Amino acid sequence: SKDERQEYGREMQHMATRMIDQISATLATARQRHTPAAIQTNARVVWEHVLSASRQGAQEKQIALQWSFDRDAYVLRTDEHMLVTIMENLVSNAIKFSPAGTTIEVTVKVPQAVDEAEHVRLEVYDSGPGLNREDLGRLFRPFQTLSARPTGTEGSTGLGLYLVRRTVEILNGRVWGENRPDGAAFFVELPLADVPS
């Protein structure tokens with residue numbers, strides 16, 4: 001219908017804009033000139049938008065994309081583009097390597113702090129082929145391809161996880177991946193901004 005065509009057109013324009021932003025961020029990161037903006041940003045708002053935009057791609061592969069947040073706000077000192085880079089790459093990878101009929105789960109929460117500093121933890125679980133020992137050793141390196149192959153027609157540049165790692169490092173956080181019996185899991189921890197009550 002006309003309305004559907006217009007909606008798809010708007011979504012394509014939005015995605016094209018995001019891809020241009022992604023390329024710009026990639027080049028800036030490669031030059032090591034990209035530093036987080038000294039602004040307070042609610043990661044929940046940004047990440048919910050990315051997840052909502054990603055749901056269409058998951059549905060086209062008959063994959064369920066579910067998410068949960070344990071707070072209304074996770075305030076970080078960064079800009080939206082860096083938060084988009086993290087979530088978009090992790091979720092697109094999960095969709096890329098998950099077979100039809102499975103579920104991708106995204107959880108965002110603040111674990112109980114073991115020290116004075118609070119962190120937000122982003123967890124992405126998929127039901128793909130998982131990660132073998134060699135994969136775990138190559139994660140987050142540029143231009144690395146893993147043993148798993150996309151379940152659809154998607155390609156891979158080997159840069160997505162590298163960009164996640166570089167972005168997380170700039171934000172003084174940490175990122176890691178784990179193999180699971182029924183897939184793979186990726187985790188990102190970022191320090192929350194010290195916001196007055």
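# Values set against cut-offs

Visitor: Why is Asp182 called partly exposed?

Guide: In this predicted model, Asp182 has a relative accessible area of 46%. Buried requires under 20% and exposed requires over 50%, so Asp182 at 46% is partly exposed. The residue sits in the loop between β6 and β7.

Visitor: Which residues is Asp182 in contact with, leaving aside its neighbours within four places in sequence?

Guide: Asp182 is in contact with Asp126, Ser127 and Gly128. Contact here means that heavy atoms lie within 4.5 Å. Along the chain, Asp182 and Asp126 are 56 residues apart, while their C-alpha atoms are separated by 7.9 Å.

Visitor: How do you know that the length of α2 agrees with that of a helix of 18 residues?

Guide: Helix α2 covers residues 43-60, and at 1.5 Å a residue its 18 residues should span 26 Å. The expected span uses one less than the number of residues. The end C-alpha atoms of α2 are 26 Å apart, so the two values agree.

Visitor: Where is the kink in α2 centred?

Guide: The kink is centred on Ser54 and comes to about 30 degrees. The angle is taken between axes fitted to the seven residues ending at a residue and the seven starting there. Ser54 is also one of the buried residues of α2, among them Val46, Trp47, Val50 and Leu51.

Visitor: What makes Asn42 a cap for α2?

Guide: A side-chain oxygen of Asn42 lies 3.0 Å from the backbone nitrogen of Arg44, at the N-terminal end of α2. A polar contact needs a pair of N or O atoms within 3.5 Å, so the distance of 3.0 Å meets that limit.

Visitor: Why does Gln62 count as exposed?

Guide: The relative accessibility of Gln62 is 60%. The cut-off for exposed is over 50%, so Gln62 counts as exposed. Gln62 lies in the loop between α2 and β2. Its phi is positive, near 60 degrees, although the residue is not glycine.

Visitor: Why is Asn172 exposed?

Guide: Asn172 has a relative accessible area of 63%, and exposed means over 50%, so the label follows. Asn172 is in the loop between α5 and β6. Its phi is also positive, about 60 degrees, in a residue that is not a glycine.

Visitor: What makes α5 mostly covered?

Guide: Nine of the eleven residues of α5 are buried. They include Leu161, Tyr162, Leu163, Val164 and Ile170.

Visitor: How many aromatic pairs are there?

Guide: The count comes to three. One of them joins Phe69 and Tyr74, with 6.2 Å centre to centre and 40 degrees between the planes. Ring centres must lie within 6.5 Å, and planes neither under 30 nor over 60 degrees apart count as tilted, so Phe69 and Tyr74 form a tilted pair. Phe69 and Tyr74 are both buried.

Visitor: What makes the pair of Tyr125 and Phe187 edge-to-face?

Guide: The planes of Tyr125 and Phe187 are 90 degrees apart, and the centres lie 5.9 Å from each other. Over 60 degrees counts as edge-to-face, so the value of 90 degrees places the pair there. Tyr125 belongs to strand β5 and Phe187 to strand β7, 62 residues apart, and the pair links these distant parts of the chain. Tyr125, Trp176 and Phe187 form one aromatic cluster.

Visitor: How do you know whether Tyr125 is buried or exposed?

Guide: The relative accessible area of Tyr125 is 18%, and buried means under 20%, so Tyr125 is buried. Phe187 has a value of 7% and is buried as well.

Visitor: Why does Glu189 count as buried?

Guide: Glu189, in strand β7, has 10% relative accessibility. The cut-off is under 20%, so Glu189 counts as buried.

Visitor: What makes a polar contact with the side chain of Glu189?

Guide: The side chain of Arg121 does, at 2.6 Å. The limit is 3.5 Å, so this pair falls within it. Leaving aside neighbours within four places in sequence, Glu189 is in contact with residues including Pro111, Val120, Val168 and Trp176.

Note on methods: Residues numbered from 1 in each chain as written. Predicted model: local features only at pLDDT ≥ 70, side-chain atom pairs only at ≥ 80, totals over all residues. Heavy atoms only, no water. Helix = DSSP H or I, 4+ residues; strand = E, 2+ residues; numbered from the N terminus. Buried < 20%, exposed > 50% of the residue type's maximum accessible area, 1.4 Å probe, protein only. Polar contact = N/O pair within 3.5 Å; in protein donor to acceptor, adjacent residues only side chain to side chain. Phe/Tyr/Trp six-rings, centres within 6.5 Å; stacked < 30°, edge-to-face > 60°.
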